[in-house]
Every structure is written in structure tokens, then in C-alpha cells.
Amino acid sequence: MTFTGTGGEPRPAAATAEFPPHLIVLFGGTGDLARRKLLPSLCHLLERREHRDRLEVLAVATSEHDDASYRALVAEALTDMGIDGEALARLLERLHYFRIGEGFDALGGRIDELESASGLPGNRIFYLAVPPGVFEDTVAGLAAVGLTRSTGTIRVVVEKPFGVDVDSAVELNQMLHRRFPEEAIYRIDHYLAKETVQNVLVFRFANPLFESAWNRDRIQRIEVTVAETIGLEGRIKYFEAAGIIRDIVQNHLLQVVSLVAMEPPVKFSSEHIRDEKVKLLQAIRQVTEESVVRGRYTAGSINGTAVPGYLEEDGVPESSTTETYARLRIEVDNWR
């Protein structure tokens, strides 16, 4: 397996041993995303020998926890997911907790304490696994106490949804640029880490049989389906404000559509792949109301287990108009 560096040249996986020590500050450490995606990913990362002594994780949230009670919470959640033994133990010994109610000054003190005790050089990753409404306050709080400045490397990771419309997305981007250079901002879509999604580029461009046929002359339409078996899973506050279009369509689904329909990049580097995605998105005709169907799931069963309808989920208001299903017809105006 090889990984592509910024210059587009393949590098062997062993080169990742150069990964410098980091402190990962995980905002939203008690949330669904952290529990189901981020903390398991950190477990897998720490299984790699070259990373074992190079990471400390500070989870930040509003809940009343200390290090011990938070570790117990994480241990229970990850054990239920089948993660235990040495992999889990390795994460727990590097896992710490901070309650954000104590303020950003106190957070700065905790970060300094952890970096000093662990011999970390000041490389920090601030991962914002929080609702979009608190992005600005979080970044402003970090900047106000100097946490966005360090002798090491500072990065900020922003989870979707990125704003609620075009104007708020532009405003959010401008806010981030006031505190961080572009190369320090990571707008994450974790669907792109799925092996099936990563294989799309290989499937399309490394196989001459498919590449020669992947055009309007041979293919009438392509259907991309994202189907999930989970319900709200405690995400009512987030999902009721977002709906499936903001939660899935405007990020995950459009990323997959871009990979399916874009032109081959000049180089397989992040910048060149991004440029081809942008060209594809610019070639999509404006989506009209007539091209969209919205719906909502009702009571039924999944794998033989009865599940409630959306309006029957705990905490969902009877007046809710939030969609849990969306189907879009997208037309691309380019030569392919």
C-alpha cells in the first residue's frame, strides 16, 4: 500500500514513522461522532507502532466528568463495539478529559500541563466534532487565550455540516481564515475514508476497460444510494436542526458523486483531485424543487427488530417537518 504526498509522488507506508508527536484536542468528546467514529479510529491509529508514543488525546465537552469517569464511559462504549484488550488499553492511558464550563483559560492550562508532562513539542490538532452553531465561539475562545499560537504546528479540523446555507458557509470560512492559514484548516468528510469510496478512483481510472466506457455514450445514468440502518441514536438535537439533506446530501453524497463523475486529475495529489471535484460541481445544473423528493420514515422493523417512526422517536416534536429521506435527480453538463 502507498500513500500520496503533497507533491503527488507515492510514498511507502513506512514513511509515516516521521509523524511528529501531537496533542489532539477533541471538542464534543461525549458526542455520537466521537463515540462511533473518532475514538475507535484513534484506537486503530495507536495500534501502529510508529504512533504509540506520539499521541495524547484531550476530550472536551460540557458533561461532568473527570479523567477516570470519562475513560470508563469510553471503555464501555468501545467494548460494546468489539474494541477491547490492548488496543483499548493503549487509548485509555492516553485519554484525558476537560469540562469546557471551566473556561478557555483553564483549558489552556490543562493543555500546557499535558504537553509538559508528556514531552510534547506543541503540535496541536483541534477537532471540532460539535454542532455548527458553536464553531465560531469555540475558535474565538481558543484564539482569545493564545491556543491557536504555538512553537509547534497548529491545525483545526471542522466536521460537517459546514454552515446551514451558502452565506453561513462563506462566513464560517472567513472566520476560520482570520485565525488560521488555509493549509491549517481541514474540512473533514469521514465518508472519504471508507474503503469502498476510496476504491472508486482505482475502479474508474486504473482499469482501461471501465475508463473507456465511463461516458454518456455507454452509460445512461448512475444511481448513488446511501442507506443506513441506524435511527437517531441520541442525535435528536442535531438531526432535527439539520435533516438528511444537510446531514448526508450536501457533503457525503456530493463527495461520492464527484468521485464518480469527475475527470481524471493531472496528478493524484489532494490539490489536483480537489480541482477536478470543483469542476464537476460547477458543471451540475441548478437543482430545482421538481428534482427533489423528501420523505420521513415511519414505524417498521430492521433485521426483525421493531423500530419507531421518526415522529415517535423520543424528543421529536409532533410539528416536525424534518426529512429523513431525500432523492435527487442531478444533471451534469460536461463532455463526459
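**Exercise 1.** Determine what share of the contacts between residues at least 6 apart in sequence join residues at least 24 apart in this predicted model.

*Solution.* Begin with the contacts in the chain between residues at least 6 apart in sequence. Of these, 74% join residues at least 24 apart.

**Exercise 2.** Establish how the radius of gyration of the chain stands against the globule rule.

*Solution.* The secondary structure to be packed consists of ten helices and twelve strands. For 336 residues the globule rule gives 20 Å, and the radius of gyration is 22 Å, which is close to that value; the chain is therefore as compact as a globular protein of that length. Along the principal axes, the C-alpha trace spans about 65 × 55 × 40 Å. Buried residues, those under 20% relative accessible area, account for 39% of the 336 residues. The chain exposes about 19,300 Å², of which carbon and sulfur atoms supply 52%.

**Exercise 3.** Describe the open sheet of six strands and identify the strands at its edges.

*Solution.* Step one is the order, which reads β5-β4-β3-β6-β7-β8, with parallel pairing. Step two concerns the edges: β5 (95-99) and β8 (185-187) each have a single partner strand, so one side of each lacks a neighbour in the sheet. Step three is the twist, which averages 20 degrees from one strand to the next.

**Exercise 4.** Examine the pairing of β4 with β5, then locate helix α5 against the strands.

*Solution.* Strand β4 (residues 55-61) runs parallel to β5 and is joined to β5 by five bridges. Ala59 stands opposite Tyr97 in β5. Helix α5 (residues 135-144) lies across β3 (22-27), β6 (124-128) and β7 (154-158). The angle between helix α5 and β6 is about 160 degrees.

How values were computed:
Residues are numbered from 1 along each chain as its sequence is written. This is a predicted model: local features need pLDDT of at least 70, side-chain atom pairs count only at pLDDT 80 or more; totals for chains, interfaces and linings use all residues. Side-chain values use heavy atoms; hydrogens and water are left out. Two strands pair if DSSP finds at least two bridges between them. Helices (H or I, at least four residues) and strands (E, at least two) are DSSP runs, numbered from the N terminus. Axes are lines fitted to C-alpha atoms, for helices over the stretch in contact, and angles run from 0 to 180 degrees between N-to-C directions. Contact means heavy atoms within 4.5 Å. The radius of gyration is taken over C-alpha atoms; the globule rule is 2.2 Å times the number of residues to the power 0.38. Buried means under 20% relative accessible area, exposed over 50%, partly exposed in between (1.4 Å probe, protein chains only). Accessible areas come from the Shrake-Rupley method with a 1.4 Å probe; for residues, only the protein chains shown count as cover.
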